[in-house]
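Student: Please take a close look at a single part of this model, the surroundings of the ligand, and then set that part within the rest of the chain. I would like one connected account that stays with the computed geometry.

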Amino acid sequence: MSTSEISGFYKRSAQDRWKIVQEFGGLSDEEVRTLGGTGALKFDQVDRMIENVIGTMPVPLGVAMNFRVNGRDYLVPMAIEEPSVVAAASNAAKMARAKGGFTASTSGPVMIGQIQLVHVPDPHSARLAILHARDEILRRANEKDPILVKLGGGAKDVETRVISTGRGPMVITHLIVDCRDAMGANAVNTMAEAVAPHLEEITGGRVYLRIISNLAVRRLARARAVFAKDAIGGPEVVEGILEAFAFADADPFRCATHNKGIMNGIDAVVLATGNDFRAIEAGAHSYAAWKSGGYRSLTTWERNADGDLVGTIELPMAVGLVGGATAVHPTAKACVKLLGVKSAQELAEVIASVGLAQNFAALRALATEGIQRGHMGLHARNIAATVGAVGDEIDRVAEALVKEGKVRMDRAKEILDDIRRRNT
Ligand code: MEV
């Protein structure tokens with residue numbers, strides 16, 4: 001089994017890095033060229049994906065090291081424009097390895113389709129009429145996707161609630177659909193639309209919305225990791241992380257940023273694998289608000305009997321491997337191959353582990369030296385390039401900025417001018 005524990009990856013040449021991921025993922029030369037190239041898409045491909053296409057928007061693609069999930073090593077592709085995220089995830093995953101890495105599971109690939117019925121004269125009796133018609137509703141839904149049914153998925157159950165709204169009572173039906181390896185939006189929406197006329201018939205109400213819910217409480221991914229106190233800087237660091245977690249879990253202002261840090265890691269893998277990161281964002285934040293009646297942390301942090309830090313994460317993770325961009329986008333396809341995941345659930349487990357790692361890294365930095373020092377190196381290089389530094393000037397300007405503790409454009413320009421003056 002190959003190891004994902006590769007030190008100094010960032011110091012290697014591009015050729016060396018490509019060689020490493022090629023060997024790890026069993027990628028072909030062509031796939032490596034696809035990963036490394038900036039123009040992986042042909043115009044007619046992108047033209048078919050969305051409307052009014054004028055080109056593509058490349059986002060940096062990095063690889064997080066050191067991940068071990070359920071005893072298996074992964075190199076994790078992450079598409080993100082923000083500096084430090086990939087390095088932070090890799091460092092956290094390295095610290096988790098001392099205690100075996102991450103253990104993860106899912107609740108199954110089950111999504112909810114909602115059907116909204118209004119103007120129902122007798123909503124409570126309508127609710128029972130729908131439940132009595134369960135088998136017929138499932139039959140009509142499953143008729144729409146025989147392939148999914150053949151694979152063991154399809155509509156499995158029907159649930160109904162009467163809710164009070166500003167426009168009176170509504171009867172809301174949930175179609176419970178096992179989507180197997182698909183994200184499922186297409187299948188679920190088609191089924192919800194197909195059963196709607198029958199719901200109108202048996203209730204005398206009027207259907208308006210028929211659409212998937214991103215609050216995917218039946219498609220949860222969970223991960224857990226133990227961080228040995230000595231591997232993360234000692235009992236003081238454990239204490240600081242516990243204080244940081246308590247702050248987030250008690251205060252929505254802090255919690256928004258805390259959960260945003262988790263989503264830095266999650267969205268990056270979701271995007272790299274061609275999945276719908278808006279659906280994942282919506283699911284995560286609505287779940288953070290729904291599960292205990294107020295906006296709370298998606299993670300928990302505790303100290304175990306040995307004084308080590310134990311972290312958990314649980315959140316909806318509606319990602320797929322078939323259908324959507326994952327199946328057609330060449331970069332997404334190569335990323336999925338590099339990961340080596342065999343099911344949507346395995347992908348969800350890796351992504352949840354990355355979210356937990358990302359949160360650990362952020363809390364550890366925040367509770368100790370703060371995040372700015374780590375950010376400053378890359379930020380200074382960006383500033384140097386922005387003021388016109390090229391080649392080795394970029395490193396020279398960036399180093400001077402960090403040394404002075406003034407990572408600013410005006411100062412960068414002065415230093416660059418000074419370097420050029422001396423060279424002439
Ligand atoms: C920055 O993108 C993410 C953090 O703000 C997360 C956090 O505060 O926990 C560092």
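Tutor: The helices and strands named below are DSSP runs, numbered from the N terminus, with a helix having at least four residues and a strand at least two. With elements counted in this way, N70 lies in the loop between strand 1 and strand 2 (72-79), a place to which I return at the end. The model is a predicted one, and every value here is to be read with that in mind.

The setting comes before the site. The chain has 17 helices and ten strands, and its C-alpha trace spans about 85 × 55 × 45 Å along its principal axes. Of its 424 residues, 47% count as buried. When contacts between residues at least 6 apart in sequence are considered, 71% of them join residues at least 24 apart. The chain exposes about 20,600 Å², of which carbon and sulfur atoms supply 53%.

Now to the ligand. The residues that surround it are E82, R254, T257, H258, K260, G261, N264, A362, L366 and I371. Sorted by class, this shell has three nonpolar, four polar and three charged residues. Three of the side chains can be described through their distances to ligand oxygen atoms: an N or O atom in the side chain of E82 is 2.6 Å from an oxygen atom of the ligand, a polar side-chain atom of K260 lies 2.7 Å from a ligand oxygen, and for N264 the distance between a side-chain N or O atom and an oxygen atom of the ligand is 2.9 Å. Taken on its own the ligand has 300 Å² of accessible area, and the protein covers 86% of it. The elements that give two or more residues to the shell are helix 10 (252-272) and helix 14 (344-367), and helix 10 gives the most, with six residues.

H258 links this shell to a further residue. It is among the residues around the ligand, and its side chain also makes a polar contact of 3.2 Å with the side chain of T299. T299 is placed in strand 9 (residues 299-303), and because its relative accessibility is 1%, where buried means under 20%, T299 counts as buried. A second polar contact, of 2.7 Å, joins the side chains of T299 and N359. Residues up to four places away in sequence aside, T299 touches F245, H258, I262, T312, I313, L356 and N359, so that the description passes from the ligand through H258 to strand 9.

Another part of the chain can be followed from strand 1. Within strand 1 lies N66, a buried residue with a relative accessible area of 5%. A polar atom of the N66 side chain lies 2.8 Å from the backbone oxygen of S90. Beyond its neighbours within four places in sequence, N66 is in contact with S4, E5, I6, S90, A93, K94 and R97.

Strand 1 (61-69) also receives helix 2, whose buried residues pack against that strand, against helix 1 (14-25) and against helix 13 (330-339). The residues in question, within helix 2 (residues 29-36), are V32, T34 and L35. They cover an arc of only 155° around the axis, which puts them on the same side of helix 2. In general, an α-helix has 3.6 residues a turn, so residues three or four places apart point the same way. The exposed residues D29 and R33 are carried by the face of helix 2 turned away from its buried side.

Two loop residues deserve a remark on backbone geometry. Most residues other than glycine have a negative phi. N70, in the loop that follows from strand 1 to strand 2, has instead a positive phi, near 50°, and with a relative accessibility of 41% N70 counts as partly exposed. H119, in the loop between strand 4 (110-118) and helix 5 (123-132), likewise has a positive phi, near 55°; at 56% relative accessibility H119 counts as exposed.

To return to the part you asked about, the ligand has E82, K260 and N264 among its surrounding residues, with helix 10 as the element that gives the most to the shell.

Note on methods: Residues numbered from 1 in each chain as written. Predicted model: local features only at pLDDT ≥ 70, side-chain atom pairs only at ≥ 80, totals over all residues. Heavy atoms only, no water. Buried < 20%, exposed > 50% of the residue type's maximum accessible area, 1.4 Å probe, protein only. Arc of directions from axis to C-beta. Contact = heavy atoms within 4.5 Å. Near = heavy atom within 4 Å. Polar contact = N/O pair within 3.5 Å; in protein donor to acceptor, adjacent residues only side chain to side chain. Areas by Shrake-Rupley, 256 points an atom, 1.4 Å probe, with all protein chains shown as cover. Nonpolar A, V, L, I, M, F, W, Y, C, P; charged D, E, K, R; others polar.
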